[in-house]
Amino acid sequence: MPAILITGCSTGFGLETARLFLDRGWTVIATMRKPDASVLPASDDLKILPLDVTDRASIDAAVSAAGRIDVLVNNAGFGAVVPIELIEPETARALFETNTLGTIAMLRAVLPQFRERRAGVVINVTSSVTFRPVPLVSVYRASKAAVNALTESLAVEMEPFGVRTHIVLPGGSHETQFAANAMPYLRGQDNADYKPLIDGMIAQFQDSDRPRTHATDVAEAVWLAATDASAPFRIAAGADAKQWMAEAG
């Protein structure tokens, strides 16, 4: 069976995607910064490897240990909730290092075998916040929009070699660690100008009645991209993401 390498598999979308492909008989290379075998069922079709997408040596070791890869899913990433004016420069750099440059580093490591075999699929997981301006996640949004743009060019570069590329764009989800990981970067709640905006955004995110994205939505979108040569280049994953895509035209 074909082999899929997925980054960021310890929780959320990456973990659910790894589960789905395992259930459907694929060889799964699930990568995590801190490998934890307990999060996935034991299987002869499963490799769990350490991988930090910001570390070239870590990438090279993981790709070497993975062996043949038929599908690459760039899912690893993190967010930060903070006004542009107040974001720490270190946080802004880290967002691009992980979300954008980490994706590029994985592509550089895996594309040679795809090109040489004249086969392969690249699936870059970005975000539905790239469909519209969203406050407080501006730098995160920019890092994901950059991945959208580079994937568009990548598709043109890879088409002559028989390599397909897709973007999966999830919406907001309570089934990931995104909010928990993003909130520590928050600044501005003690600022009279920014506090109303921040409080409103937090309330909106906590609203249980609005459309949501489930981890299974993302896993199914990745499955579609991996297995259907006629799948759209951009695939919205989740009810809210589909709504935003439709509104964006």
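Q: Is Asp45 buried, partly exposed or exposed?
A: Let's start with one residue of this predicted model. Asp45 sits in the loop between S2 and strand S3 (46–50). Buried means under 20% relative accessible area and exposed means over 50%. Asp45 has 34% relative accessibility, so it counts as partly exposed.

Q: Which residues does Asp45 touch, not counting residues up to four places away in sequence?
A: A good place to look is Thr27, which is 18 residues from Asp45 along the chain. The C-alpha atoms of these two residues are separated by 4.6 Å. Thr27 is also on the list of residues that Asp45 touches, which reads Leu22, Trp26, Thr27 and Val28.

Q: How many helices and strands does the protein chain have?
A: Some of them can be named right away: helix H3 covers residues 89–117, and strand S3 covers 46–50. Counting along the whole protein chain gives 8 helices and 7 strands.

Q: What radius of gyration does the protein chain have?
A: The C-alpha atoms fill a box of roughly 55 × 35 × 35 Å along the principal axes. For 249 residues, a compact globule would have a radius of gyration near 18 Å. The protein chain agrees with that expectation, because its own value is 18 Å.

Q: What percentage of the contacts with a separation of 6 or more is between residues 24 or more positions apart?
A: A contact here means heavy atoms within 4.5 Å. Among the contacts of the protein chain with a separation of 6 or more, the share from residues 24 or more positions apart is 67%.

Q: Which element supplies the largest share of the largest nonpolar core?
A: Nonpolar side chains tend to be buried together in soluble globular proteins. Here the largest nonpolar core has 32 residues, and those with the most contacts inside it are Ile4, Val28, Ile123 and Val168. Several elements each supply at least two residues of this core, including strand S1 (3–6), helix H1 (12–23) and helix H7 (215–227). The largest share, 7 residues, comes from H7.

Q: Which residues is Ile4 in contact with, leaving aside its neighbours within four places in sequence?
A: Ile4 is one of the residues with the most contacts inside the largest core, as is Val28. Val28 is also among the contacts of Ile4, and the full list is Phe21, Trp26, Thr27, Val28, Ile29, Val71, Val73 and Val222.

Q: How many residues are in the second, separate core?
A: This core includes Ala3, Ala62, Phe114 and Leu150. Its residue count is 25.

Q: Is Thr98 buried or exposed?
A: Thr98 has its place in helix H3. Its contacts, beyond residues up to four places away in sequence, are Val53, Thr54, Gly77, Phe78 and Thr103. The cut-off for buried is under 20% relative accessible area. Thr98 has 16%, so it is buried.

Q: What is the phi of Arg118?
A: Most residues other than glycine have a negative phi. Arg118, in the loop between H3 and S5, has a positive value although it is a residue other than glycine. Arg118 is partly exposed, with a relative accessible area of 48%. Its phi is near 60°.

Q: Is Leu136 buried or exposed?
A: Leu136 is found in the loop between S5 and helix H4 (138–158). Leu136 has a positive phi of about 75° although it is not a glycine. At 6% relative accessibility, Leu136 counts as buried.

Note on methods
Residues are numbered from 1 along each chain as its sequence is written. This is a predicted model: local features need pLDDT of at least 70, side-chain atom pairs count only at pLDDT 80 or more; totals for chains, interfaces and linings use all residues. Side-chain values use heavy atoms; hydrogens and water are left out. Helices (H or I, at least four residues) and strands (E, at least two) are DSSP runs, numbered from the N terminus. The radius of gyration is taken over C-alpha atoms; the globule rule is 2.2 Å times the number of residues to the power 0.38. A nonpolar core is a set of buried Ala, Val, Leu, Ile, Met, Phe, Trp, Tyr and Cys residues joined through side-chain atoms within 4.5 Å. Buried means under 20% relative accessible area, exposed over 50%, partly exposed in between (1.4 Å probe, protein chains only).
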